[in-house]
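Got a few minutes for some practice at reading a structure? Have a look at the one shown here, then try the exercises and check yourself against the solutions.

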Amino acid sequence: MSKPPPSPPSLAELRQEIDSIDSQVHSLLMQRGDIIDRLIRVKKTQEVGSAFRPAREADMMRRLVQRHRGILPLDTVESIWRVIISTFSYVQAPFSVHADVSVGESMMRDSARFHFGFTVPYVSHFNAPAAVEAVAKSKGDLALLSATSSRTPWWIALEAHGAPKIIARLPFVERADHPAALPVFVVSRVADSAMVTEVEMWSVRVSGWNAETARALSPMAEILAVPDTAFDGAALLVSVTSETSLENIKAALIEAGASVRSSALVGSHATRYTVPNAAK
């Protein structure tokens, strides 16, 4: 006679399994904390800038999406990892997040809390220059600034040697229904070895800026533009990828009738990573 199929586990047994997993997760987090404690002693917290590591974090978030499966929503997994990463970075070297809320306080706060949790102090500012100035006066704070619109050319303050730079573009993992979908640049000081340079950010000031010039550049790069009436021109923040070059962008500006007054590298960030439909 064939053996009867095994009876399904009881609710009590399944809950015991969950309790066991919860205990293991907590134990692993404490082990991670022990390693961070050793890391602090090795580094002696003497590195210039924040403990934020944009290159490593972008890679971690991409790998997280690629290996994720099952019924647990990706939003939940990403937010848990963001809190873990940001909190342990804060433990290494405390920092604050300064946010320009002129683009919408609730959206900016959602972005800050999703990516950095509630342990990291959050400071709101009524405009972008104030947030950048606060970071410039700090040792390793971060500023969150809109990546899609601006009333002022705040990036000009990043041109000087020793000034903070754009180090990341959030969210690291993009999708249409992201709970913290507001595109933002992160500005801070980090070690050169921590930077990711897949997309370079350039401050470009031009004369002769108009709608035709803007249309000529739009297929080549993402651009933030703030009019500069004193010079009949504009201050541009230009994203330069491996598919183009700053020289090509300058040539397109000149061909469209504009003249380039100056250009300066003001940071870099990881290539935007969009979640495939099946992984959402």
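Here are five exercises on this model, which is a predicted one.

**Exercise 1. Two helices that cross**

Find out how the axes of helix α1 and helix α3 cross, and which residues make the contact.

Solution. Start by locating the helices: α1 covers residues 11-43, and α3 covers residues 74-92. Next, look at their axes, which come within 10 Å and cross at roughly 35°. The hand of this crossing is right-handed. Now pick out the contact residues. On the α1 side they are Leu 29, Arg 32, Gly 33, Ile 36, Leu 39, Ile 40 and Lys 43. On the α3 side you should find Ile 84, Phe 88, Val 91 and Gln 92. Finally, sort this contact by class: seven residues are nonpolar, two are polar and two are charged.

**Exercise 2. A salt bridge between helices**

Which parts does the salt bridge of Glu 57 and Arg 82 tie together?

Solution. First, get the overall count: the whole structure has eleven salt bridges. One of them brings together the side chains of Glu 57 and Arg 82, at 2.8 Å from N to O. Then check where the partners sit. Glu 57 belongs to helix α2 and Arg 82 to helix α3, so the pair links parts that lie 25 residues apart in sequence.

**Exercise 3. Two pockets**

Describe the largest pocket, then do the job again for the second largest pocket.

Solution. Take the largest pocket to begin with; its space comes to about 560 Å³. Its lining has 15 residues, and those closest to the centre are Val 25, Arg 67, Ile 80, Trp 81 and Ile 84. Helices α1, α2 (54-67) and α3 each give at least two residues to this lining. Sorted by class, the lining of the largest pocket holds ten nonpolar, one polar and four charged residues.

Move on to the second largest pocket, with a volume of about 400 Å³. Here 20 residues form the lining, and Ala 163, Lys 165, Val 190, Asp 192 and Met 195 are the closest to the centre. Two elements give two or more residues to it: β4 (165-170) and β10 (259-269). The largest share, four residues, is from β10. By class, you get nine nonpolar, seven polar and four charged residues in the lining of the second largest pocket.

**Exercise 4. A cavity and a cis bond**

Work out which residues line the largest cavity, and where a cis peptide bond occurs.

Solution. Count the cavities of 30 Å³ or more: there is one. The largest cavity has a volume of about 60 Å³. Around it sit Ala 168, Arg 169, Pro 171, Phe 172, Glu 174, His 269, Ala 270, Thr 271, Arg 272 and Tyr 273. That lining splits into five nonpolar, two polar and three charged residues.

Now zoom in on Pro 171, one of the lining residues. The peptide bond that joins Leu 170 to Pro 171 is cis, with omega about 0°. As for its place in the chain, Pro 171 is in the loop between β4 and β5 (173-174).

**Exercise 5. The surroundings of Arg 62**

Which residues does Arg 62 touch, leaving out residues up to four places away in sequence?

Solution. Begin with the location: Arg 62 is part of helix α2. With those sequence neighbours set aside, Arg 62 touches Glu 198, Ala 270, Thr 271 and Tyr 273. Compare that with the cavity lining, where Ala 270, Thr 271 and Tyr 273 also appear. To finish, check a distance: Arg 62 and Thr 241 are 179 residues apart in sequence, and their C-alpha atoms are 19 Å apart in space.

Conventions:
Residues are numbered from 1 along each chain as its sequence is written. This is a predicted model: local features need pLDDT of at least 70, side-chain atom pairs count only at pLDDT 80 or more; totals for chains, interfaces and linings use all residues. Side-chain values use heavy atoms; hydrogens and water are left out. Axes are lines fitted to C-alpha atoms, for helices over the stretch in contact, and angles run from 0 to 180 degrees between N-to-C directions. A crossing is left-handed if the near helix is turned anticlockwise from the far one by less than a right angle, and right-handed if clockwise. Contact means heavy atoms within 4.5 Å. Ala, Val, Leu, Ile, Met, Phe, Trp, Tyr, Cys and Pro count as nonpolar, Asp, Glu, Lys and Arg as charged, and the others, Gly among them, as polar. On a 1 Å grid over the protein atoms alone, a cavity is a set of points where a 1.4 Å probe fits but cannot get out, and a pocket is an open set with protein on both sides within 12 Å along at least five of seven lines; lining residues have an atom within 4 Å of a point. Grid points are joined across faces, edges and corners, and a volume is the space filled by probe spheres set on the points. A salt bridge is a side-chain nitrogen of Lys or Arg within 4 Å of a carboxyl oxygen of Asp or Glu.
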